[in-house]
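This briefing walks through a single protein chain, beginning with its overall make-up and moving on to particular residues. Please keep the sequence and the 3D view open while you read.

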Amino acid sequence: RSYFTIQAADDFGNNMTSGGAQFNVLYVGFSQEKQVADVTDHDDGKYTVSYVSNVAGDFMISATLYNNESGYQSIHASPFMGSTVAAGADPKKSYVFTTDKKEVVAAGETVLRVVMGVHNYFHIQAVDRYGNHKAAGGDKFSAELEGPVSHDAFVSDKGDGTYVGTFVGPAAG
């Protein structure tokens, strides 16, 4: 859930100190989903607006204020444009793929064919809980090679939502 605050002002630009104004706020997301945002009146001239964005990408917020003389009027600088980024990586949605991108495997079920004694590579695409591919790094991933001899893989953040891992298979098994 995302939040922002509207400070109501009078015709001269002075901040209002009481509530009662009627704001209507519409959120239009990247995939053209629309929702009327929740507006909470704090009875001090401030209004908290909240909405949920599940899809990463550009969005628009249109805020209007109702008055008896003119009906709904856009507030100053409305509509507002912004961009939603993907949430933190979800290990259940993120996935592993090989260098040639032919073999995609789900998290927790990863089986890769490797050559013993040489560097083997794999990649991870970070995906948030809403299914958005991350476009920035910063998440922590680890990988372990299991077999007769366990071995931790080295995982490097490429800074674009993908990670590259490497390991050397120590023995067949």
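Strands are DSSP runs of at least two residues, numbered from the N terminus, and with that in mind Arg1 can be placed in the segment before S1. The model is a predicted one, and it holds 15 strands and zero helices in its chain. The points below begin with the whole chain, then turn to a group of residues around Arg1, to a pocket, and to some details of the backbone in loops.

**The chain as a whole**

- The chain has 173 residues, and 29% of them are buried.
- Among the contacts in the chain with a separation of 6 or more, 58% are between residues that lie 24 or more positions apart.
- The accessible surface of the chain comes to about 11000 Å², and carbon and sulfur atoms account for 51% of that surface.

**Arg1, Asp38 and Ser50**

- Arg1 counts as exposed because its relative accessible area is 54%, and exposed here means over 50%.
- Leaving aside neighbours within four places in sequence, Arg1 is in contact with Asp38, Ser50, Tyr51 and Val52.
- Although Arg1 and Val52 are 51 residues apart in sequence, their C-alpha atoms are 4.6 Å apart in space.
- Which side chains does the side chain of Arg1 meet in polar contacts? One such contact, of 3.4 Å, is with the side chain of Asp38, and another, of 3.1 Å, is with the side chain of Ser50.
- Asp38 is found in strand S4, and because its relative accessibility is 42% it counts as partly exposed.
- Apart from neighbours within four places in sequence, Asp38 is in contact with Arg1, Thr48, Val49 and Ser50.
- Asp38 and Thr48 are 10 residues apart in sequence, and the distance between their C-alpha atoms is 8.0 Å.
- Ser50 lies in strand S5, which covers residues 46–51.
- Is Ser50 buried or exposed? Ser50 counts as buried because its relative accessibility is 10%, and the cut-off for buried is under 20%.
- When residues up to four places away in sequence are not counted, Ser50 touches Arg1, Ser2, Tyr3, Ala37 and Asp38.

**The second largest pocket**

- Rolling a probe the size of a water molecule over the atoms shows where empty space is left.
- The second largest pocket contains about 520 Å³ of space.
- Its lining is made up of 24 residues, of which Ala8, Ala9, Ala21, Phe23 and Leu65 lie nearest the centre of the pocket.
- Which strands each supply at least two residues of the lining of the second largest pocket? They are strand S1 (2–7), strand S2 (22–28), strand S6 (57–67) and strand S7 (71–74).
- When the residues of this lining are sorted by kind, 12 are nonpolar, 10 are polar and two are charged.

**The loop between S7 and S8**

- Ala77 has its place in the loop between S7 and S8, and its phi is near 70°, a positive value in a residue other than glycine.
- Ala77 counts as exposed because its relative accessibility is 51%.
- Ser78 also has its place in the loop between S7 and S8, but Ser78 is buried, because its relative accessible area is 14%.
- Beyond its neighbours within four places in sequence, Ser78 is in contact with Ile61, Ser62 and Ala63.
- With Ala63, a polar atom of the side chain of Ser78 lies 2.8 Å from the backbone nitrogen.
- Pro79 is found in the loop between S7 and strand S8, which covers residues 80–84.
- The peptide bond that leads from Ser78 to Pro79 is cis, and its omega is near 10°.

**The loop between S4 and S5**

- Asp43 has its place in the loop between strand S4, which covers residues 38–41, and S5.
- Phi of Asp43 is near 60°, which is a positive value in a residue other than glycine.
- Is Asp43 buried or exposed? Asp43 counts as exposed because its relative accessibility is 56%.

Definitions and conventions. Residues are numbered from 1 along each chain as its sequence is written. This is a predicted model: local features need pLDDT of at least 70, side-chain atom pairs count only at pLDDT 80 or more; totals for chains, interfaces and linings use all residues. Side-chain values use heavy atoms; hydrogens and water are left out. Helices (H or I, at least four residues) and strands (E, at least two) are DSSP runs, numbered from the N terminus. Buried means under 20% relative accessible area, exposed over 50%, partly exposed in between (1.4 Å probe, protein chains only). Contact means heavy atoms within 4.5 Å. Accessible areas come from the Shrake-Rupley method with a 1.4 Å probe; for residues, only the protein chains shown count as cover. On a 1 Å grid over the protein atoms alone, a cavity is a set of points where a 1.4 Å probe fits but cannot get out, and a pocket is an open set with protein on both sides within 12 Å along at least five of seven lines; lining residues have an atom within 4 Å of a point. Grid points are joined across faces, edges and corners, and a volume is the space filled by probe spheres set on the points. Ala, Val, Leu, Ile, Met, Phe, Trp, Tyr, Cys and Pro count as nonpolar, Asp, Glu, Lys and Arg as charged, and the others, Gly among them, as polar. A polar contact is a pair of N or O atoms within 3.5 Å; within protein, one must be able to donate a hydrogen and the other to accept it, and residues adjacent in sequence count only if both atoms are side-chain atoms.
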